[in-house]
Number of protein chains: 2
Amino acid sequence: MSKNSISNSVIRRLPRYHRFLGDLEANGYVRISSRELAEKMGLTASQIRQDFNCFGEFGQQGYGYNVKELRGEIGKILGLDVSTPMILLGAGNLGRALAAHIDFRNRGFELIGIFDANPAVVGDTIGELSVRSVDELEAFCTQHRPEAAILCIPKGEAEKEADRLISYGVRAFWNFTHYDLRISHKDVAVENVHLGDSLTTLSYALSGISGKDKEDKE
Amino acid sequence: MSKNSISNSVIRRLPRYHRFLGDLEANGYVRISSRELAEKMGLTASQIRQDFNCFGEFGQQGYGYNVKELRGEIGKILGLDVSTPMILLGAGNLGRALAAHIDFRNRGFELIGIFDANPAVVGDTIGELSVRSVDELEAFCTQHRPEAAILCIPKGEAEKEADRLISYGVRAFWNFTHYDLRISHKDVAVENVHLGDSLTTLSYALSGISGKDKEDKE
DNA sequence: AACACTTTGTTTAATTCTTGACAAACAAGA
DNA sequence: TCTTGTTTGTCAAGAATTAAACAAAGTGTT
């Protein structure tokens, strides 16, 4: 009941709130008002109050919100108070970048294994992990029980590998494949990331900039 | 007038339509109905018809939509019929991965230069480009006039470098910095990508999966 | 302690987005 | 050519989202 009542639009904003509050905390902020936060984030104060109200009353009239407490609360909603073991499939450019670049710990995950099908990269060290062969995947999953996986593999293998991982007990996919993963299982979470779509959005925004297009008379 | 009338929600869906139509075309589809496309994309047929109608009547009753024609039209809306010169700042893990992984041509851009502040990586070859020193940035921009830039640099430098690039004529930023770039210039487009937020969203989704949480009685 | 000021939580209103419904238009086969 | 079936474009109803408004509660200063 607690979670189901929070609308999707609110959920989509929560990671950003969490991030901003983290920055504020790092900068020594102890309290913040909805008005000031709205200013910083480019939202309305009304929306912020309404959002935070979805999961309890954390503010205090005349004072505002306690940054640390509020951040912790949002973190709990987002499930960041647990650490889910995660593996990476595909140690190509993108896989390596994610393994090195992402702060898994602060996002509720821990990267415990990296796998690749290419024998040439098996054995490479990335961060503190060395790349294993996909042949070891089943044995590894049986032993270490990862619950989440990052997919940085070719488009054509996404569905097959996802199904395999599900059979090994994986429940969440962070999918960077050029393919929209849609799992029939309703107990499996998927986050499809399409960097190409993001760049396309930038193209649209750029094309609308004044002076860019000839037919921008209207 | 043409563009301003398209709502934001529709725009956000356009890149995905474009991608799906590309896949369909590659698979030999010549025509498709809103009903069938809705099925494939997990949307309602009504929404698809309404979306496509925002920018003209491309369908035909009793027939559906011509895949190639529709895709081309959406591409035009998205500005994919031009090729905007783009540079990359930061040749670390993530920068390299993007340079290698993204199909710039089909997203309306062309990557023409890569820059890094670290002398150790200057001279490295990535794809067909070699990494240049940031010292050459101004001269390069004066000569080649890039209009867009990817930022894969440390958080603290994002704002400063963005301002510098704007003064060199850059009008669009694809920002992977852990920082929400907000440009006062209204003639500058920004697409902030926060992979960490995306992973956080997955954490939330996973935490809501049945059997995962103890307190999921309700 | 009293007063002026700030800020929340909540209600209500406005706006935006999505879905359902259906007539008009076309396709395809007899 | 006529008839049946399909599918669009569009309108209108229904949801969902966002913004505005305000009383109640607390702060901080004198």
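Ala, Val, Leu, Ile, Met, Phe, Trp, Tyr, Cys and Pro count here as nonpolar, Asp, Glu, Lys and Arg as charged, and the others, Gly among them, as polar. A residue is near a strand if one of its heavy atoms lies within 4 Å of it. By class, the surface near DNA strand C then has 3 nonpolar, 18 polar and 6 charged residues.

This is a predicted model, in which local features need pLDDT of at least 70 and side-chain atom pairs count only at pLDDT 80 or more, while totals for chains, interfaces and linings use all residues. Residues are numbered from 1 along each chain as its sequence is written, chains are lettered from A and ligands numbered from 1 in the order in which they are written, and side-chain values use heavy atoms, with hydrogens and water left out.

**DNA strand C**

27 residues surround DNA strand C. Ser34(A), Asn53(A), Tyr65(A), Ser9(B) and Gln50(B) are the closest. Of the strand C atoms within 4 Å of the protein, 63% belong to sugar or phosphate, and the rest belong to bases.

Helices and strands are DSSP runs (H or I, at least four residues, for helices; E, at least two, for strands), numbered from the N terminus. Both protein chains contribute to the surface near DNA strand C: helix H2 (34-41), H3, strand S2 (59-60) and strand S3 (64-66) of chain A, with H1 and H3 of chain B, each supply at least two residues. H3(B) gives the largest share, 4 residues.

**DNA strand D**

There are 27 residues around DNA strand D, and Ser9(A), Ser46(A), Ser34(B), Asn53(B) and Tyr65(B) come nearest. Sugar and phosphate make up 66% of the strand D atoms that come within 4 Å of the protein. The class split of the surface near DNA strand D is 3 nonpolar, 18 polar and 6 charged residues. H3(A) supplies the largest share of that surface, 4 residues.

Individual polar contacts to both strands are tabulated below. A polar contact is a pair of N or O atoms within 3.5 Å; within protein, one must be able to donate a hydrogen and the other to accept it, and residues adjacent in sequence count only if both atoms are side-chain atoms.

| Residue and part | DNA atom | Distance |
|---|---|---|
| Ser34(B), side chain | phosphate oxygen, strand D | 2.5 Å |
| Gly59(B), backbone | phosphate oxygen, strand D | 3.0 Å |
| Gln61(B), side chain | base oxygen, strand D | 3.0 Å |
| Arg49(A), side chain | base oxygen, strand C | 3.0 Å |
| Gly59(A), backbone | phosphate oxygen, strand C | 3.1 Å |
| Thr44(B), side chain | phosphate oxygen, strand C | 3.2 Å |

**The protein interface**

Contact means heavy atoms within 4.5 Å. By that rule, 63 residues of chain B touch 63 residues of chain A. Buried area is the accessible area (1.4 Å probe) that two parts lose on being put together, summed over both. Chains B and A bury about 5800 Å² between them, with 60% of it on carbon and sulfur atoms. On the chain B side, Leu199(B), Leu202(B) and Tyr204(B) lose the most area to chain A, together 12% of what that side buries.

Polar pairing also crosses this interface. The rule finds 28 residue pairs in polar contact there, both partners at pLDDT 80 or more. Several elements of chain B give two or more residues to the side that touches chain A, among them helix H1 (8-26), helix H5 (93-101) and strand S10 (189-192). H8(B) provides the largest share, 13 residues. That side of chain B divides into 31 nonpolar, 15 polar and 17 charged residues.

**Salt bridges**

A salt bridge is a side-chain nitrogen of Lys or Arg within 4 Å of a carboxyl oxygen of Asp or Glu. The count over all chains is 22. Across the interface of chain B and chain A the rule finds 8. One joins Lys155(A) and Asp23(B), at 3.1 Å from N to O. Another pairs Arg19(A) with Asp180(B), the closest N and O atoms being 2.6 Å apart. Arg19(A) lies in helix H1 of chain A and Asp180(B) in the loop between S9 and S10 of chain B, so this pair joins two chains.

**Symmetry**

Copies are superposed by least squares on the C-alpha atoms of residues with pLDDT of at least 70 in both. A turn of 180° and a shift of 0.0 Å along the axis lay chain B on chain A with an RMSD of 0.0 Å. The two copies are thus related as by a two-fold rotation axis. The copies meet through the same surface, because 100% of the interface residues of chain B are also interface residues in chain A.
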